[in-house]
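Subject: Structure handover

Hello,

Here is the structure I promised to pass on to you. Please have a look at it first, and then read my notes below.

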Amino acid sequence: MQNKSSNDEYPPSEDTFFIANNIENEKGEYALDIGSGSGYLTKLLTENFSLVVGTDINCNVLQHQSSYKTHNLICCNASDALKIKFDFIVCNLPYLATDEILDVATDGGAEGFEIPKKIFNSALKNLKEGGKFVFVTSSLSNYQKLIDYAQKLGLKTRIIAKKKLFFEELILVEAIN
């Protein structure tokens, strides 16, 4: 896996802007951006939340955020290092269906489910009662399996937006605890 060293090399993706357009009016006390990457969503959330935390599995990416740099960045797997309960959690899941994990930022494992399942398990312990978890997935993965898994965990789910791209359809899902 290549490490990126600046936002010029690791700019916000089409997925990120799709999420941003659908969460810009979310408000609350505590928000978490799992997989902060460029920091774009983390920075956006600081406008409407008192405390915003961004996590990413790639420490180098967090250290080199520039245009969207925020405070409270933690290098960890999903939200494993956190003990706080959040009103709102957002994640641009690594959803691509792959036989092996070559890029943790995009590869979701078998059916695009293996890695997102681990993220769900981590995030759920940090989601406040009545809190909202919004995640993006794709028609290239078994997104229904992800939705079913979220429901199995006790979350009430619904698809809140879809966006057709050239080779896939992005699907934004809201899961309420």
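Two strands count as paired if DSSP finds at least two bridges between them. Helices (H or I, at least four residues) and strands (E, at least two) are DSSP runs, numbered from the N terminus. With that in place, Asp56 stands opposite Cys75 in β3. Strand β2 (residues 49-56) and β3 run parallel and are joined by three bridges.

Before the rest, two notes on the source. This is a predicted model, in which local features need pLDDT of at least 70 and side-chain atom pairs count only at pLDDT 80 or more, while totals for chains, interfaces and linings use all residues. Residues are numbered from 1 along each chain as its sequence is written, and side-chain values use heavy atoms, with hydrogens and water left out.

The sheet

Seven strands make up an open sheet of mixed pairing, in the order β3-β2-β1-β4-β7-β9-β8. The edges are held by β3 and β8; each has a single partner strand, so one side of each lacks a neighbour in the sheet. On average, neighbouring strands of this sheet are turned by 15° against each other, direction ignored.

At the β8 end, strand β8 (residues 156-164) runs antiparallel to strand β9 (residues 169-176), with eight bridges between them. The two form a hairpin with four residues in between, and Lys164 stands opposite Glu169 in β9.

Helices around the sheet

Contact here means heavy atoms within 4.5 Å. Axes are lines fitted to C-alpha atoms, for helices over the stretch in contact, and angles run from 0 to 180 degrees between N-to-C directions. Helix α4 (residues 114-124) lies across β1 (28-34), β4 and β7, at about 160° to β7. Helix α5 (residues 143-152) also packs on the sheet, where it touches β7, β8 and β9, and its direction makes about 155° with that of β8.

For burial, I use relative accessible area: buried is under 20%, exposed is over 50%, and partly exposed is in between (1.4 Å probe, protein chains only). In helix α1 (residues 14-23), the buried residues are Asp15, Thr16, Phe18, Ile19, Ala20 and Ile23. They pack against α2 (40-45), β4 (86-92), β7 (127-138), β8 and β9.

The cysteines

How many disulfides does the structure hold? There is one disulfide (a pair of cysteine sulfur atoms within 2.5 Å). Cys59 and Cys75 form it, with their sulfur atoms 2.0 Å apart. The link is left-handed, with -95° about the S-S bond. It joins distant parts of the chain, 16 residues apart: Cys59 belongs to helix α3 (residues 59-63) and Cys75 to strand β3 (residues 73-75). Both ends are partly exposed, Cys59 at 36% relative accessible area and Cys75 at 33%.

Why do Cys76 and Cys75 not form a bond? Their sulfur atoms are 7.1 Å apart, which is too far, although Cys75 has the closest cysteine sulfur to that of Cys76. Cys91 is also without a bond, because its closest cysteine sulfur, in Cys76, is 11 Å away. Cys76 is buried at 11% relative accessible area, and Cys91 is buried at 2%.

Two loop residues

Polar contacts come up for both of these: a polar contact is a pair of N or O atoms within 3.5 Å; within protein, one must be able to donate a hydrogen and the other to accept it, and residues adjacent in sequence count only if both atoms are side-chain atoms.

Asn126 is found in the loop between α4 and β7, and with a relative accessible area of 0% it is buried. Its side chain makes a polar contact of 2.8 Å with that of Lys125. Leaving aside neighbours within four places in sequence, Asn126 is in contact with Ser79, Leu82, Lys83, Ile84, Lys85, Phe86 and Ile89.

Thr98 sits in the loop between β5 (96-97) and β6 (107-109) and counts as buried at 18% relative accessibility. The side chain of Thr98 reaches the backbone oxygen of Glu100 at 3.1 Å. Not counting residues up to four places away in sequence, Thr98 touches Asp107, Gly108, Gly109 and Ala110.

The record

The unreviewed UniProt entry carries the annotation "domain: Methyltransferase small" for residues 18-148. UniProt positions are given in the numbering used here, feature names are shortened, and annotations may be inferred rather than shown by experiment. In the model, the end C-alpha atoms of residues 18-148 lie 23 Å apart, and the span is 26% helix and 32% strand.

Best wishes
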